[in-house]
Amino acid sequence: MAQEKRDIWVFSEQPQHAFELLGKGNALSEELGSDLVAFATTSASADEYIRHGADKVILVNHPLLGEFQVDTYTDALSELANEHKPEAILIGATRNGLELAPRLAERLKTGCVTEVTRIELDADKKFLLMDRVTMGGNLVETHISRSKPQIATVPKGLFAQSTLNPSHKGQVIVAEPTIKSPTTKLLEKKSKEIKGVKVSDATIIVSFGRGVRKKEDMIMVEDFAKAVGGAVGCSRPIAEDLRWLPEEQYIGLSGQKVNPKLYLACGISGQIQHITGIRNSKVIVSINNDPKAPIFEFSDYGIVGDLYVILPILTDAVRQLAKN
Amino acid sequence: MVNIIVLVKQVLQTADLKIDKTSKAVVTQGVPRVVSETDKNALEEAIRIKEKHGGKITAISMGPPEAKEALREALAMGADEAVLLTDPRFEGSDSHAVASVLAAAVTKIIDYDLIICGAYSEDMFAFQVGPRLAEMCNLPQFTYATKINLEGTKIIVERDLENERQIVEGKLPCLVSVVREINEPRLPTLMAIMASSKKPTSIWSADDVRLSESELGYNGSLDELLRSAVSSGERKRIILEGKAKDAVFKLTRALQQEGVLKG
């Protein structure tokens, strides 16, 4: 029997996300002594993936792959995976990636672990250990897949991007899988207008919860965010129940998972749901008038006090620092 | 007339879950079991479609016998019939094994135009069952729906992605997964709650959906849960005391020392 190749494949329709997958994929393929393979739909992106560490790129230049669509991408990736038999496929956990991965896994009759928080090889390098958080953030489950390819979806920001190396060499394999016409047709798309910095990209995030009593009082948080140069985020009830902010700004297990240098939680009680979204922050600060609020357990620095008193003083203090 | 199947999952109220600090286990005792949030949106949307176009709504739930309560709520909201898929042999199912049972059940119902479900469940957030079921049943999938419009056998769905909104067209039969933004689920009236006990509820086991032992539960899963541990987050937990001004001063100084605040 021919020796297994055990290649690690990566796919994201978002190049920046794909670079992060290449970063992790590189570590895994090195441990396995196998190739790191990216999937691309244009030769420009194929070259870019090679400069970001891919040993091989499978290039499928097909008109039906111009726009991400779950049918066509499932067709292409499943046929290629059946032909090349990769060890694992890491897929960027965008909403597109999250609808692709389970459908692809089902077609390949293999397991899939979505929204992983950790991926490592086991001690014998036999399979991937994939962690994910469940039960409202209370449990960390470790999964393995019984079949191959092992498929995981990886949230943005979990892994560092691979380093750009313009002299890195790789092989481009042009493939022509059979792609059927999609069953759905995109009639229209509208970009969302997102005010200011996106929380997923921000290095500083000022976030608020139910401690802000009225919608008008949000200005207090926005002023502080502006002074400190950060993006505004919120807890789940603010976006989903009160709808003061769009869902893109809501941070938590079911919303954005963020990894800023500084995360400031203002008037957020700190349900585990929320904590799960912020656990990768470098420094966490919380302000809450309830000394028993769970958020303090998960903070580096806490101030017990009235948000309506503390925040304006803090805003002034930060403005002064910026001036000096 | 549109025949709609709605997938309903009963979950523990995750906001009420806590970790017992001594036993390091998740405390589930006394935590209420509820219908997963986005599944309520799925039900609401099905009811609105039925109000507009006529038809029938069948709510399906797979779970322990207690999941009957979730179906009762679905019936009270406005579903016409309910099917509870329950069997001790279903225990330990992964997303694939769950989708297999659901696929067998919807195939038994045969005469459906539309399957609606929540995009994710409140306890697992796996986003898997919808797409896996669609693949098994060879149906088009419309995920993250914020609006559904039907014109004959044509369906137009508005979808919410991270950076854009899409309008997508397709044909029935298909599967649609919804997000919470799509609607505000109704609260059933007392009358509706009372009437719901008269609506038909079937209880199906693995045999009723003709699945064999190897397709069920742990045996029928492609994923294996090796272990689970309570989640921990190690932080400094320094409370900055003093009057507001003093505490703020201490904070800005600490953040400068951490290198996360300029000045």
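Of the 263 residues of chain B, 48% count as buried. Keep in mind as you look around that this is a predicted model.

**Chain B as a whole**

Let us start with the overall layout. The C-alpha trace of chain B spans about 70 × 40 × 40 Å along its principal axes, and its secondary structure comes to six helices and 15 strands. The chain is divided into domain 1, covering 2-215, and domain 2, covering 233-263. Taken over C-alpha atoms, the centres of these two domains of chain B are separated by 46 Å. If you take the contacts in chain B between residues at least 6 apart in sequence, 70% of them join residues at least 24 apart.

**A helix pair inside chain B**

Within chain B, helix α3 (residues 95-109) and helix α4 (residues 129-136) make a good first stop. Their axes come within 9 Å and cross at roughly 50°, which makes α3(B) oblique to α4(B). The crossing of α3(B) past α4(B) is right-handed. On the α3(B) side, the residues that meet α4(B) are Ser95(B), His96(B), Val98(B), Ala99(B), Ser100(B), Leu102(B) and Ala103(B). They face Val129(B), Arg132(B), Leu133(B) and Met136(B) in α4(B). By class, this contact of α3(B) with α4(B) has seven nonpolar, three polar and one charged residues.

**Where chain B meets chain A**

Now for the partner chain: 68 residues of chain B are in contact with 76 residues of chain A. Several elements of chain B each supply at least two residues to the side that touches chain A, namely α3, α4, β9 (141-151), β11 (164-171), β14 (223-230), β15 (238-239) and α6 (244-258). Of these, α6(B) gives the most to that side, with ten residues. Sorted by class, the side of chain B that touches chain A has 35 nonpolar, 14 polar and 19 charged residues.

Two helix pairs across the chains are worth a visit. In one, helix α4 (residues 95-107) of chain A packs with α4(B) at an angle of about 40°, and their axes are 8 Å apart. That angle makes α4(A) oblique to α4(B), and α4(A) passes α4(B) in a right-handed crossing. Here Glu99(A), Pro102(A), Arg103(A), Glu106(A) and Arg107(A) meet Pro131(B), Arg132(B), Ala134(B), Glu135(B) and Met136(B). The residues of this contact divide into four nonpolar, no polar and six charged.

The other pair joins helix α8 (residues 307-323) of chain A to α6(B), with axes that come within 9 Å and cross at roughly 45°. These two helices, α8(A) and α6(B), are therefore oblique to each other, and α8(A) passes α6(B) in a right-handed crossing. From chain A, the helix α8(A) brings Val309(A), Ile310(A), Ile313(A), Leu314(A), Ala317(A), Val318(A) and Leu321(A) to the contact. In α6(B), they meet Ala244(B), Lys245(B), Val248(B), Phe249(B) and Thr252(B). The contact of α8(A) with α6(B) divides into ten nonpolar, one polar and one charged residues.

**The helix pairs side by side**

| Helix pair | Axes and angle |
|---|---|
| α3(B) and α4(B) | within 9 Å, roughly 50° |
| α4(A) and α4(B) | 8 Å apart, about 40° |
| α8(A) and α6(B) | within 9 Å, roughly 45° |

One residue to pick out in your viewer is Arg132(B): this residue of α4(B) meets α3(B) and also takes part in the contact with α4(A). Met136(B) likewise appears in the contact with α3(B) and in the one with α4(A).

Note on methods:
Residues are numbered from 1 along each chain as its sequence is written. Chains are lettered from A and ligands numbered from 1 in the order in which they are written. This is a predicted model: local features need pLDDT of at least 70, side-chain atom pairs count only at pLDDT 80 or more; totals for chains, interfaces and linings use all residues. Axes are lines fitted to C-alpha atoms, for helices over the stretch in contact, and angles run from 0 to 180 degrees between N-to-C directions. Helices (H or I, at least four residues) and strands (E, at least two) are DSSP runs, numbered from the N terminus. Angles under 35 degrees count as roughly parallel, over 145 as roughly antiparallel, 65 to 115 as roughly perpendicular and the rest as oblique. A crossing is left-handed if the near helix is turned anticlockwise from the far one by less than a right angle, and right-handed if clockwise. Two residues are in contact if their C-beta atoms, placed from the backbone, lie within 7 Å. Ala, Val, Leu, Ile, Met, Phe, Trp, Tyr, Cys and Pro count as nonpolar, Asp, Glu, Lys and Arg as charged, and the others, Gly among them, as polar. Domain bounds come from an automatic or database domain assignment. A residue is buried if 20 or more other C-beta atoms lie within 10 Å of its own, exposed if 12 or fewer, and partly exposed in between; C-beta atoms are placed from the backbone.
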